[in-house]
Structures are given as structure tokens and as C-alpha cells.
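Let's walk through how to read a ligand site and one loop residue. Have a look at the model first.

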Amino acid sequence: MNARERVVFPLDVPSLDDAERWTTLLGAEVGVLKVGLELFTAAGPRAVEAVHASGAACFLDLKLHDIPATMAGAVRSAAALGVRYLTVHAAAGPAALAAACAAAAGTDTRLLAVTVLTSLDAGELAAIGLMGAPDEAVRRLARVALDAGLDGLVCSPQECVALRQALGDGPLLVVPGIRPRGADVGDQRRVATPSEARRQGADLLVIGRPIRHAADPVAAARAIVRELEEA
Ligand code: C5P
């Protein structure tokens, strides 16, 4: 993977028109454009087609969590759209994860697991019956996902080092919460710069507002790619 292919820009917008403005601007600058629940619910597969028309790969961030047969069907549909990355919740359990992997086998779609949403603290985890520290739940769910055959995980910069040590070089680690030095941190609590995240073992970096809110988003994306090339 070259530096450009490691940069994921999230299309966190509500409509296809908005998405197409960003795919046109950034499709040649970053390797991957992420379509999340907001955009996919509004625009459906046309959002994925817009990403592909721009030349970038598509990361379909649907965080699937359902019974095995439904998970398998959704993964088949996503793979038929040609998406490169698709997210599922590790908490869907071993059988559903195995069904998802079987459905993705032989396609170009890589499955990534979400472990514990970073918006959940220990109190909220206890409220849904997950006792113990969040990082223990992250490690447990990461193991469940990789044992089922998933290709990688979404994790915070803070989890990256421990997961890389625990899991080895195999799994793809996809990391949001990236802020180039001097950028506004916003609502992210745990951040790393692009080169720090790479050193900590991140493979793909999800970078939204530092590009979207920049006076010159193309220049901001190029600066991030340059930083990664030099890292
Ligand atoms: O604007 P920013 O760089 O913070 O965007 C980060 C992206 O990564 C958003 O699309 C956000 O939903 C996503 N994300 C995150 N933290 C997680 C999981 C996903 O920020 N734990």
C-alpha cells in the first residue's frame, strides 16, 4: 500500500449531491472514500458508484449486526457493489461473523470489525451488561473477530499499539481520530498525528474534518499524504 492508499476520507454528508462534490475534489487525492450510514441511507448504492467513478476505493461503513443469514446476504450485496472495505460489529458473534466471512470469500471485499464504539464508556458498557474495562472488551471482541476470519479492525489510536502487540502483523488496523499537528481536535478525545498513527501500527487512517474544514482541502489531503510518505 502506498501513502495515498492509506488515507480514508469519510463522506459524512447527507446527500448524493454533497457527496459528489467531495468525490470530484478528492477522489484522486486519497485512496479511499468512506460511505457511512447517513449517506448510504439517503443515497444507497449510487453513493458507492460515485466513489468508484472518482477513481477511489469505497469503504462501506455500515457496521452490520444481525443474524448469520442476514449478515451473509448483506455482505454478498456489498461485495457485488465492489466495495473494498465493509464494517461489521464483532458483537454479532462468532456464527454471524463466520457467515459474513464465507460470503466475502473470493471477492475483493475486506471485512473489518468494530469492537467497542468509542462513544461507550465503562458506565454505558455496564448498562448493557458488559462488565469490566472497555479495553478488555476491545481485546476480547478483537479476538472473536479475527478467529472468525475477519481481515481487520477499526480501533482508536490508543488501542493500536496494544492490539498490534497482541494480534501481530496480520490484521489490518483502521484508525480514526487522526489530527495533523496543529489541527483542531474537535470532539475527538484520543488523537494521533498521521505519522504517529503509522508508527503505532495503523494501516489505514480515517481523516475527516482536518481535510473537510481546511481552507484548501486538496492541499490538506496532499500534505497528509506527504507526511505519510516521509514517515
Ligand atoms: O472528522 P473526523 O476526522 O473526526 O472523522 C472521523 C471519522 O471516523 C468519522 O466518519 C467518524 O464517524 C469515524 N469514526 C470515529 N471514531 C470511531 C469510529 C468511527 O471518529 N470510533
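What follows is a short dialogue on the ligand and on R84.

Q: What should I know before I start reading?
A: This is a predicted model, where local features need pLDDT of at least 70, side-chain atom pairs count only at pLDDT 80 or more, and totals for chains, interfaces and linings use all residues. Residues are numbered from 1 along each chain as its sequence is written, and side-chain values use heavy atoms, with hydrogens and water left out.

Q: Which residues surround the ligand?
A: A residue counts as near if one of its heavy atoms lies within 4 Å of the molecule. Here the ligand's surroundings include P10, D12, K34, T118, R179 and G208.

Q: Which polar side-chain or backbone atoms lie 2.8 Å from an oxygen atom of the ligand?
A: Polar contacts with a ligand are pairs of N or O atoms within 3.5 Å. A polar side-chain atom of R179 sits 2.8 Å from a ligand oxygen, and a backbone N or O atom of G208 is 2.8 Å from a ligand oxygen. T118 has a side-chain N or O atom 2.6 Å from a ligand nitrogen.

Q: Where does R84 lie?
A: Helices (H or I, at least four residues) and strands (E, at least two) are DSSP runs, numbered from the N terminus. R84 is in the loop between α4 (68–81) and β4 (85–89).

Q: What does R84 touch, not counting residues up to four places away in sequence?
A: Contact means heavy atoms within 4.5 Å. On that basis R84 touches A57, C58, D108, T109 and R110.

Definitions and conventions: Polar contact = N/O pair within 3.5 Å; in protein donor to acceptor, adjacent residues only side chain to side chain.
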